[in-house]
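Dear colleague,

I am handing over the structure below, and the notes that follow it describe the ligand shell, one helix and one pair of helices.

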Amino acid sequence: MPVSFDSPTLAINGGTPVRTRPFPSWPVHNDSETDAVAVVAKSGKWWRCAYSADELDTKNTDQIEGRSRVDVFEERFAKAHGAKYAVAVTNGTVALEIALRAAGIRPGDEVITTPYTFIATSLCIMNQLAVPVYTDINPHSYNMDASQIEGLITKRTKAIIPVHFSGNLCDMQTINAIARQHDLVVIEDAAHAHGVELNGSQYAGTLGDMGCFSFQESKNVATGEGGMLLTNDKRYYDMAFSLHHLGRHAGELWYKHFHQGWNARMNEFTAAIGIVQLERLFEQNARRMENSAYLCSALAELPGLEPCRNHPDLTKHSHHLQMLRYDADAAGGMSRDDLIDALNAEGIPCLAGYTFPNYANPFMNSEETQSRYAAASITLPDYAAYTERCPHTERACYSEAIWLEHRLLLGDKSDMDDIIAGFTKLLTK
Ligand SMILES: Cc1ncc(COP(=O)(O)O)c(C=O)c1O
């Protein structure tokens with residue numbers, strides 16, 4: 001039984017909080033980032049084109065000095081994930097857009113994805129005037145329910161975008177098998193999945209045809225803003241590189257543009273920070289994994305609380321988020337949102353995350369959106385109908401999901417014990 005929400009012992013009602021010390025902050029940074037940026041500033045070479053912008057510079061993998069930091073960051077990020085090619089871009093959203101265009105996605109094509117994700121996953125599809133089609137989520141992992149994909153395939157389906165939500169791997173075996181059978185492109189949204197490993201060998205972002213990462217400030221490799229596209233396919237790489245570089249071709253005239261591209265080039269300052277952040281990634285992920293295991297084994301004992309289940313063959317996790325499922329009825333009635341408010345008052349930071357699914361966003365069926373599609377003679381589905389089709393997503397958004405940020409998992413055992421104490425105070429009498 002949970003303690004009564006009116007109890008005077010709760011910090012939200014003036015009681016003593018479980019914790020007043022702050023948890024580790026994010027991003028982690030020190031003089032290494034400051035020095036790396038200062039070196040770029042002093043060099044006067046602030047964009048990759050001050051070096052060679054036309055092709056991947058793979059001449060020297062250890063040396064940084066005298067080389068474009070963007071080249072070096074691409075090279076190191078690709079190597080860390082076992083990918084052949086990388087294109088560094090301005091953010092994760094544009095990485096996804098470029099991937100879709102490199103894959104040949106055209107207006108009216110359908111792309112199957114998950115509704116439990118950041119809006120960028122849907123926007124990248126809709127910005128090509130393509131049509132997002134959603135599976136529900138698996139209630140235990142919160143990732144796309146791969147068993148629903150085949151039932152959604154039509155002759156217009158061209159791609160699948162699995163999102164490794166929170167850093168937990170999607171069922172890529174099933175997704176890739178379906179994609180092969182139906183000739184679909186697989187673009188992984190790996191915005192949460194830096195350094196996430198399957199079976200001790202392969203990394204998220206290299207399990208499909210292309211993988212897209214974000215380095216926005218909250219991400220496990222943080223540069224403020226930034227993104228990266230990984231692929232092992234030279235044709236996708238060449239096209240993505242050209243698209244991010246305003247459609248230029250290597251060796252051709254500077255003012256000659258072969259594709260309708262973007263200027264999505266990462267700048268040298270961003271890459272300089274990314275190189276330093278990447279050096280911390282695997283040690284930080286290992287710490288998060290250890291703390292997550294300790295935390296979750298205790299939280300799973302509490303009434304109404306169940307940590308999301310990790311992919312069984314996941315060997316390195318990023319734990320971009322520690323995801324918890326809360327069942328208010330099983331816990332005695334306190335709502336998810338009241339529990340979150342009470343936990344924050346106890347000094348345990350947590351949040352509800354996406355409080356509605358992607359398909360419930362106002363623009364999805366707005367007149368403005370409908371008219372853009374109508375101009376291309378494309379009819380959008382009635383996204384309101386997904387409410388019925390995606391009961392697990394609805395429950396996660398409106399009453400069940402609790403998010404703990406990855407920075408909390410960078411603490412020590414005593415930090416985990418405080419989180420456990422906070423939940424225990426609220427969920428047991
Ligand atoms: C799942 C997911 N996909 C894509 C993105 C887009 O990344 P960015 O913010 O770098 O554009 C984000 C980041 O916020 C995300 O969480």
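Which helices each supply at least two residues of the shell around the ligand? They are helix H3 (92-102) and helix H4 (120-126), helices (H or I, at least four residues) and strands (E, at least two) being DSSP runs numbered from the N terminus. This is a predicted model, in which local features need pLDDT of at least 70 and side-chain atom pairs count only at pLDDT 80 or more, whereas totals for chains, interfaces and linings use all residues. Residues are numbered from 1 along each chain as its sequence is written.

Of the 14 residues around the ligand (C-beta atom, placed from the backbone, within 6 Å of it), Gly92, Thr93, Phe118, Ala191 and Ser214 come nearest.

Helix H14 (residues 413-427) has 15 residues and reaches 21 Å from first to last C-alpha, close to the 21 Å expected, that is, 1.5 Å times one less than its number of residues. Its buried residues (20 or more other C-beta atoms within 10 Å of their own) include Met416, Ile420 and Phe423. The buried residues of H14 pack (C-beta atoms, placed from the backbone, within 7 Å) against helix H8 (268-299), strand E10 (305-307), helix H9 (328-331) and helix H10 (336-345).

H8 also meets helix H2 (residues 69-80): the two axes, lines fitted to C-alpha atoms over the stretch in contact with angles running from 0 to 180 degrees between N-to-C directions, come within 8 Å and cross at roughly 35°. On the H2 side the contact includes Val72, Phe73 and Phe77, and on the H8 side Ala271, Ile275 and Leu278.

Best regards

Definitions and conventions
A residue is buried if 20 or more other C-beta atoms lie within 10 Å of its own, exposed if 12 or fewer, and partly exposed in between; C-beta atoms are placed from the backbone. Two residues are in contact if their C-beta atoms, placed from the backbone, lie within 7 Å.
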